[in-house]
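Hi,

Here is the structure I promised to pass on. Have a look at it first, and then read on for what turned up.

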Amino acid sequence: MIPDAPAAEAGTLTAAPSTPMDALVIRGGRKLSGRAEISGAKNAALPVMAATLLAPGVHTLHNFPLLSDTRTMARVLEQLGARVEFRDRVCRIDTSNVDSVEAPYDLVRTMRASIYLLARFGAARVSLPGGCAWGPRPVNLHIEGLQAMGASLEIDHGYIVGSDVKLHGATFDFEIVSVGATAQLMMAATLAEGTTVLENVAIEPDITALGDVLIRCGARIEGLGTRRLAIHGVRQLKPIDTHIIPDRIEAATFLAAAAITGSGIALQRCEAGDVAAVMHKLEETGCQILPDSPRVTIAGPVRPGAVNIKTAPFPGFPTDMQAQMMAVCAIAEGTSVITDTIYVDRFTHVPELVRLGADIRLEQNTAIVKGVPRLQGAPVMATDIRASAALVLAALVADGETRISRIYHLDRGYEALDEKLSKLGADVQRVQE
Ligand code: EPZ
């Protein structure tokens, strides 16, 4: 059972779940120093949690991140009949008695990753994922891919309903690179009849990690880490026992914190290769970086220089770092041009950064950021996970006090970011509104 109330000291939880009314109060101007430990990755943990449905039994996930999104996925699994336990960064999931296929709207609407539940041989009733702060986030590739494997799926009153059929191998060529749909079809194909070939797949570290986990459970997957996968279906899989990989977006966010404050910090449990694209851009701004996995050290410049950024699927520049880098560019010397090619309207952070004194102009999916010498503290509102991280970074250098409301968005993807920043010397307080 998942405890709601904080019992960290008793060894079950590391961070108290936030309440909808939590806010952060940050007084800017302090340098950061010391080291931060990177937690397990949200975007690696969520598909692995869903993959536990592929093999009835007790699964063990070490280095598990305690976030509101992993809690939500745990609740969805419990809704299906699983038992979920947390203790000392280890999550145990027992799927021996899973007997339901329904993932209800009130749980799924907050977290898109619930769509992964469809991978369990098509027999499911999963609410269509809810709205997102920015633009439409279709799931057509998930559905088309599963239908190509013989799933009979239909949309019924806001739910994707699949009847219990044995999936078969198929060839599916992704018209665009999709992390979620790659994970979905990779999982579904492991137990399908015959061979599935997936072309133009995502190769994000979360995908490679999921593939490694499935192979260790008995799946037969060829081509991991390349854009073409061949998956030979097997009759059954063994339960999972794995370590969740470090969170590259959390690590990159801390690197950006050092860049924007001109500080020297060290990251522990950080896979440098997973953040290479961000490190290159930060070096362009004037940062000195020593990547020596699992330790990465960075020294930020007195004032960052402007850079141009275009997001792309891994190993390109991650869209999940677009907002945080925009905060760095907001105080840079010169003008930066930032284009998001993955989510053309992922800019809900822009008006909030402008409230803090940034000079940003939007033209379709491009932001022109004219660096200003100083930002001023103000009340601002978080709108999604990464937008809230960008506001935290900007507040670290803004004059005076910044109050960021709705930080439940932040807690969806960052484990105790405020505590970790306080340990590095930032003046950050979590308050109830
Ligand atoms: C994953 O989302 C991440 N979420 C996102 O991180 C991340 O922004 C995104 O990948 C891109 O890197 C998780 O892993 C839980 P996609 P996902 O399918 O899988 C389009 C965060 O902040 N598309 O790779 O949903 C889609 O609209 C979150 O941690 C379709 O058109 O992303 C987008 O333009 C936010 N049809 C593009 O593909 C589909 O069926 C890439 O989306 C699926 C996707």
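Let's start with two rings: phenylalanine 64 and phenylalanine 86 are both buried. Keep in mind that this is a predicted model. The two of them make an aromatic pair of the tilted kind, with 50 degrees between the planes and 5.5 Å centre to centre. Phenylalanine 64 sits in the loop between β3 (58-62) and α2 (68-79), while phenylalanine 86 belongs to strand β4 (residues 83-87), so this pair ties together parts that are 22 residues apart in sequence.

The other pair is phenylalanine 172 with phenylalanine 174, and that one is edge-to-face, at 85 degrees between the planes and 5.1 Å centre to centre. Phenylalanine 172 is buried at 11% relative accessible area, and phenylalanine 174 is buried too, at 1%. A search of the whole structure gives two aromatic pairs, so you now have both, given that ring centres have to lie within 6.5 Å to count.

Next, the cysteines. How many disulfides does the structure hold? Zero. Take cysteine 91: the closest cysteine sulfur to its own is that of cysteine 217, and at 14 Å this is too far for a bond. The cut-off is 2.5 Å between the sulfurs. Cysteine 270 is in no disulfide either, with the nearest cysteine sulfur, in cysteine 287, 14 Å away. Cysteine 91 is buried at 0% relative accessibility, and cysteine 270 is buried at 2%.

Then there is aspartate 340, which you'll find in the loop between β19 (335-339) and α10 (350-355). This aspartate is buried but has no salt bridge. Why not? The nearest side chain of opposite charge is arginine 346, 5.1 Å away, and a salt bridge needs a nitrogen within 4 Å of a carboxyl oxygen. What aspartate 340 does have is a side-chain polar contact of 3.0 Å with glutamine 322. Beyond its neighbours within four places in sequence, aspartate 340 is in contact with Thr311, Thr319, Gln322, Arg346, Phe347 and Asn365.

Glutamine 322 also brings us to valine 278: their C-alphas are 9.8 Å apart in space, with the two positions 44 residues apart in sequence. Valine 278 is part of helix α8 (residues 276-284) and is buried, at 2% relative accessibility. Leaving out residues up to four places away in sequence, valine 278 touches Ala252, Phe317, Pro318 and Met321.

Over to you!

Notes. Residues numbered from 1 in each chain as written. Predicted model: local features only at pLDDT ≥ 70, side-chain atom pairs only at ≥ 80, totals over all residues. Heavy atoms only, no water. Buried < 20%, exposed > 50% of the residue type's maximum accessible area, 1.4 Å probe, protein only. Helix = DSSP H or I, 4+ residues; strand = E, 2+ residues; numbered from the N terminus. Lys, Arg positive; Asp, Glu negative; His and termini not counted. Polar contact = N/O pair within 3.5 Å; in protein donor to acceptor, adjacent residues only side chain to side chain. Contact = heavy atoms within 4.5 Å. Phe/Tyr/Trp six-rings, centres within 6.5 Å; stacked < 30°, edge-to-face > 60°.
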